[in-house]
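Work through the exercises below with the sequence and the structure open side by side. Each task is followed by a solution in steps.

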Amino acid sequence: MLENKNPSKTNISQLGEFGLIDHLTKNFEIHQNTTIKGIGDDAAVISSEGDNQIVVTTDLLIEGVHFDLSYMPLKHLGYKAVMVNLSDVYAMNATATQITVSIAVSNRFPVEALEELYAGIKTAVKMYNVDLIGGDTTSSTTGLIISITAIGNAKKETITYRDGAKENDLLVVTGDLGAAYLGLQVLEREKEVFKVNPNSQPDLDAYTYLIERQLKPEARKDIPKLLSELDVKPTAMIDISDGLSSEIIHICKQSNVGCNLYEDKIPLDPQVISACEEFQLDSTTVALSGGEDYELLFTISAEDFPKIKANPHLTVIGHITHEKEGTHLISRANTKIPLIARGWNAMQEDD
Ligand code: ADP
Ligand code: MG
């Protein structure tokens, strides 16, 4: 990494992504009594008519940092950019209603390329029943930048924060984990093969699910609805964008609790298991730190267990403990391993 030439200046990497956000925003006060929740959750919450509340969330995607156009078709990129944002709305146990889309583009992109991007955005808004209501367009000197804001709403009592987990609650995850990260490994390997031999025809049949999870993720719109039908109000909820481990740590830190996560309960697709063997990766590490799964992680009161136990979308992977017990993975060999947030961190130092 670049040497810090001026010792009186602080490298961003010394703070990390969350440390930086906290450092920059800690002295901002809330002035409006309609601001129910500001910085610090998957989305901000604003009070509205009656007991209805609005949620707002925004994300920024940068070419070369978050996506590589050599294997990410623009149509898929548009779709995925919407999913990334809607996922944060669903993580509040809310319904998504509108998005704004802002782009910065260099003159390397013809209109046809941007049409592709917007074809993906259009498919996403149609499938997820949200409206594109605005944005901004400007030029960029380097690559493509996409910023999306998503808006949603829910009843005050339905909205679920990261800080409500209680001792003895169950830790539940939707879907399965680790596939998107392995999809990226497969695509990066094919990119290298293609560089050496542009005529090679990749056989990707064994990786279809992994590639789909990387290139065309789906946000869990079905989960707030399912929870409402099952009459379950989670005590805390977050979406899994950086990896299971760092999201569990967010819930535990903000709720002042600990947790035991059971390695043998982590849901994995068979393609994840076989690709891990092939790439010589540990499937638990991939699930814990891989990221980009866009599944939901939540805690429920143990009393609600009978309501969710038969559901194929939901897996109980652990339980909440007292804060002083810390956050641990209980391995298959029954050893207790401290969880560390090795999730993707844009500001991490390369060593
Ligand atoms: P997520 O992973 O759910 O998208 P982030 O980790 O990006 O959330 O952000 C954590 C919190 O910090 C959110 O409440 C977000 O709105 C806020 N945040 C992030 N960057 C900034 C910033 N530059 N200024 C103010 N708030 C920020
Ligand atoms: Mg989130």
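**Exercise 1. The seven-stranded sheet**

Task: In this predicted model, what is the strand order of the open sheet of seven strands, and which strands stand at the edges?

Solution.
- Step 1. Read across the sheet: the order is E8-E10-E7-E11-E9-E12-E13, and the pairing is mixed.
- Step 2. Look at the two ends of that order. E8 and strand E13 (336-338) each have a single partner strand, so one side of each is left without a neighbour in the sheet.
- Step 3. Add the twist: neighbouring strands are turned by 25° against each other on average, direction ignored.

**Exercise 2. Strand E7 and its neighbours**

Task: Which strands pair with E7, in what sense, and over how many bridges?

Solution.
- Step 1. Take E10 (residues 295-300): strand E7 (residues 170-174) pairs with E10 in the antiparallel sense over four bridges.
- Step 2. Check the register on that side. Leu170 has Ile300 as its bridge partner in E10, and Val173 stands opposite Leu297.
- Step 3. Turn to strand E11 (residues 314-322), which is joined to E7 by five bridges, again in the antiparallel sense. Here the bridge partner of Leu171 is Gly318.

Task: Are the faces of E7 covered or uncovered?

Solution.
- Step 1. Start from the general pattern: in a regular strand, side chains alternate between the two faces of the sheet.
- Step 2. Sort the residues by side. Leu170, Val172 and Thr174 are on one side, with Leu171 and Val173 on the other.
- Step 3. Apply the cut-off for buried, under 20% relative accessible area. Five of the five residues of E7 are buried, and both faces are therefore covered.

**Exercise 3. The six-stranded sheet**

Task: How are the strands of the open sheet of six strands ordered, and where are the edges?

Solution.
- Step 1. The order is E1-E2-E3-E6-E4-E5, with mixed pairing.
- Step 2. Strand E1 (35-37) and strand E5 (131-139) are the edge strands; each has a single partner strand, so one side of each lacks a neighbour in the sheet.
- Step 3. From one strand to the next, the twist averages 20°.
- Step 4. Inside the sheet, follow strand E4 (residues 95-105) and strand E6 (residues 145-155): they run antiparallel and are joined by nine bridges. One pair to locate is Val101 with its bridge partner Ile148 in E6.

**Exercise 4. The magnesium ion**

Task: Which residues coordinate the magnesium ion (ligand 2), and how are they spaced along the chain?

Solution.
- Step 1. List the donors: Asp42 (OD), Asp88 (OD) and Asp239 (OD), at 2.0 to 2.1 Å.
- Step 2. Write the spacing along the chain as D-x45-D-x150-D.
- Step 3. Place two of the donors. Asp88 lies in helix H2 (residues 74-90) and Asp239 in strand E8 (residues 236-240), so this pair ties together parts that are 151 residues apart in sequence.
- Step 4. Check accessibility. Asp88, at 10% relative accessibility, counts as buried; Asp239 is buried too, with a relative accessible area of 2%.

**Exercise 5. Two asparagines with positive phi**

Task: Are Asn93 and Asn334 buried or exposed?

Solution.
- Step 1. Note the background: most residues other than glycine have a negative phi.
- Step 2. Read the two angles. Phi is positive at Asn93, about 65°, and positive at Asn334, about 70°.
- Step 3. Locate the residues. Asn93 lies in the loop between H2 and E4, whereas Asn334 sits in the loop between strand E12 (327-330) and E13.
- Step 4. Compare the accessibilities. Asn93 counts as buried at 5%, while Asn334 is exposed, with a relative accessible area of 63%.

**Exercise 6. A nonpolar patch**

Task: Which residues make the nonpolar surface patch of about 290 Å²?

Solution.
- Step 1. The patch is made by Phe18, Ile21 and Ile39.
- Step 2. Take Phe18 as an example: this residue is in helix H1 (residues 12-25).
- Step 3. Phe18 has 42% relative accessibility and so counts as partly exposed.

Conventions
Residues numbered from 1 in each chain as written. Chains lettered and ligands numbered in written order. Predicted model: local features only at pLDDT ≥ 70, side-chain atom pairs only at ≥ 80, totals over all residues. Heavy atoms only, no water. Donors = N, O, S within 2.8 Å, 3.2 Å for Na, K, Ca; no water. Helix = DSSP H or I, 4+ residues; strand = E, 2+ residues; numbered from the N terminus. Buried < 20%, exposed > 50% of the residue type's maximum accessible area, 1.4 Å probe, protein only. Patch = residues over 30% accessible without salt bridge, like charges linked within 9 Å, V, L, I, M, F, W, Y side chains within 5 Å. Areas by Shrake-Rupley, 256 points an atom, 1.4 Å probe, with all protein chains shown as cover. Salt bridge = Lys/Arg side-chain N within 4 Å of Asp/Glu carboxyl O. Pairing = 2+ DSSP bridges. Axes fitted to C-alpha atoms, helices over the stretch in contact; angles between N-to-C directions.
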